[in-house]
Amino acid sequence: MLFRLVTPKFTCFVWALSLVLFVHQAIAIESLTTQPQHNVAKVLFTNVLKPVDEYQAKDYLNTIDINESKNLYFASFLSEPLSDSLSDLMPDWPAEKVVSQGNYQFSFLVDKQLVYTENLNLGAGTTKQKSQDVVLFKPFYSVKNEDSWGRFLWMRFMHFGGEDALTEGQHQLSIEIRPYLKLAEIKTGKLLAKGDLTIKVTKPKVSEQQIAVQRIQANSGWTVSKQPFNQDKIKALNKRIAQNDFKRISSIVVIKEGELLIEEYFNGADRKSLHDPRSVGKSVASSMLGIAIEEGYIDSINQPLADFYDFKNFKNNSSTKTKVSLKDLVTMSSNFDGNDSDPQSLGNEDKMYPTNDWVKFALDLPMFEKAQRKDWRYFTAGVVVLGDVIHQSVPQGLEHYAHEKLFKPLGIETYQWQYTPQKVANTAGGLQLRALDFAKYGQLYKNKGVWHGKQILPKEWVDASLGKQVQRGASVAQGHYGYLFWNDDLVLNDKVYEVAYASGNGGNKIFIFKDIPYVIVITATAYNTQYAHKQVNQMMKNYILPAILEQ
């Protein structure tokens, strides 16, 4: 997505503001040393946004309490447009080329230690802005929640080191801005701007009750484990959740050897709460496909979509499309032009939801005709098609079939589907269950498909689903994907633990470990944030796994 550095209605405001800030910057911000070969601009900070004629020196910040402030904007008034700085790096390149291949690099230092560096996405800012603008004015955070690369830059800084560096107390935050070009290796230019801000961090006061390990109440439906775990680690985790270091966490459930070891709720959730784990629901589509194949309602995982749809009724018909199999959909390797990680992709899920027929949206898409069959792309619309195939193949449709074949045998009585425009249970995600019931689902897979002595899922299907069907990128280090389950290695103290997991927007996870006897459920509501999945990884690595493995 392209972001404007200065919106039209603020153009005059910002240029006028630049003059005012220039006059006041010596008062507002302590002077910085200027390198002899060029001018280094100042990065200024403010927490107010108001008409330019109302600004006073007091509006510019030397110090801010990051926990109390609702707004933080930065402003920098550069001596030349970005294109000129980029041309200094590659003088022989035309202006159009350097602008297309370059942007600003931001470095965040806390107490003079480099914490985070980011080369802004090449699409952050238009060609015109890169070529003409000398004013950078963006929110790091604000009550308005502007659609701005500045906000997302701050989020990434905070959750890729900033949160840990800004401990309780007082710190100096320094920001440095440079130009960069994306060549075979990143080429960085001269320092363009620098600014310092004293940040005060005051953590919320928390009670002993908030920190304490929560006692497992009766009537959970599980046998309560008597196995020990490191309660100090869980208390430390609870404190960070209460202090909002780990944000919008709603539940944590740990199952050990089929017994309930830890059950905790936060931020207003409790045992009865239905959690919306978004794409965790995709994994349920995989379960239902496995059961439908086992019972003969679908021939095999290799069955082509052409057995279920007449592609003459859809756009972009091709031999490649007619050969797409159910396995291609369930492993996210179908070669449809659909990639949820690419906002420009024709099949991005955000383009699907406004349409009145999601299946038609998916089947109308063109194909990557020359791409390898095993190229992995996260493709939600393909899972909607998979759900529709199951719905039309099983008795009384997908929702009834899932109740009879999965939820009822697991003793799951309270749940809520979302639906497609055609009123079919939505396999894209959004299936809501209680945290303990998500744990049942995870334990079913840990048990190789067996629940209370009954084979609910075929063992072979479970093994294939949790296994390494396709590689998620060019490198093995990028992990693998099974049948609508992720597969990664989690490293703790030089030990590698293979784990398959269902995963959803907001930081929702059902972890199923291969070689250790644990199922771990984490539910959260940090939807559409940069930190959602990273904070769960930190919780697992720094607190939950050490608590249960290093007693």
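I began with R271, which counts as buried because its relative accessibility is 16%, and the cut-off I applied for buried is under 20% relative accessible area. The model I am reading is a predicted one, and I kept that in mind throughout these entries.

**Entry on E263 and R271.** I looked up the partner of R271 and found that its side chain meets that of E263 in a salt bridge, with 2.8 Å from N to O. I then checked E263, which at 4% relative accessibility counts as buried.

**Entry on S273.** I next turned to S273, which I located in the loop between β11 (259-265) and α8 (280-294). Its relative accessibility is 17%, so I recorded S273 as buried. I noted that a polar atom of the S273 side chain lies 2.9 Å from the backbone nitrogen of D270. When I set aside residues up to four places away in sequence, I found S273 touching L433, R434 and A435.

**Entry on α15.** A435 led me to helix α15, which covers residues 435-446. I tested its length: 12 residues at 1.5 Å a residue should span 16 Å, and because the end C-alpha atoms are 16 Å apart, I took the two values to agree. I then looked at burial and found that 11 of the 12 residues of α15 are buried, so that the helix is mostly covered. Among the buried residues of α15 I listed A435, D437, K440, Q443 and Y445. After the helix comes K448, for which I noted a positive phi, near 60°.

**Entry on salt bridges.** I counted 21 salt bridges in the structure. One of these joins D245 and K203, whose closest N and O atoms are 2.6 Å apart. D245 lies in the loop between α7 (231-242) and β10 (249-256), while K203 lies in the loop between β9 (193-201) and α6 (208-211), so the pair ties together parts that are 42 residues apart in sequence. I found both D245 and K203 to be buried.

I also looked at K408, which forms a salt bridge with E404, and here the closest N and O atoms are 3.8 Å apart. Both K408 and E404 lie in helix α14 (residues 397-410), where they are four residues apart, about one turn of the helix. E404 has a relative accessible area of 33%, and I therefore entered it as partly exposed. Following shared partners, I found that salt bridges join D164, K203, R240 and D245 into one network.

**Entry on rings.** I counted 33 aromatic pairs in the structure. One aromatic cluster that I traced is formed by F74, F106, F108, Y116, F140, Y141, W149, W154, F157 and F160. I then looked for charges over rings, and found R151 over the face of F152, at 5.4 Å from the ring centre. In another case the charged end of R278 sits over the ring of Y527, at 3.5 Å from its centre.

**Entry on K468.** Last, I looked up K468, which I placed in the loop between α16 (459-466) and β16 (470-471). I recorded K468 as partly exposed, because its relative accessibility is 42%. From C-alpha to C-alpha, K468 and G479 are 8.5 Å apart in space, and they are 11 residues apart in sequence. Not counting residues up to four places away in sequence, I found that K468 touches H480, Y481, N487, D489 and E498.

Terms used: Residues numbered from 1 in each chain as written. Predicted model: local features only at pLDDT ≥ 70, side-chain atom pairs only at ≥ 80, totals over all residues. Heavy atoms only, no water. Helix = DSSP H or I, 4+ residues; strand = E, 2+ residues; numbered from the N terminus. Expected span 1.5 Å × (residues − 1). Buried < 20%, exposed > 50% of the residue type's maximum accessible area, 1.4 Å probe, protein only. Phe/Tyr/Trp six-rings, centres within 6.5 Å; stacked < 30°, edge-to-face > 60°. Lys NZ or Arg CZ within 6 Å of the ring centre and 35° of its normal. Polar contact = N/O pair within 3.5 Å; in protein donor to acceptor, adjacent residues only side chain to side chain. Contact = heavy atoms within 4.5 Å. Salt bridge = Lys/Arg side-chain N within 4 Å of Asp/Glu carboxyl O.
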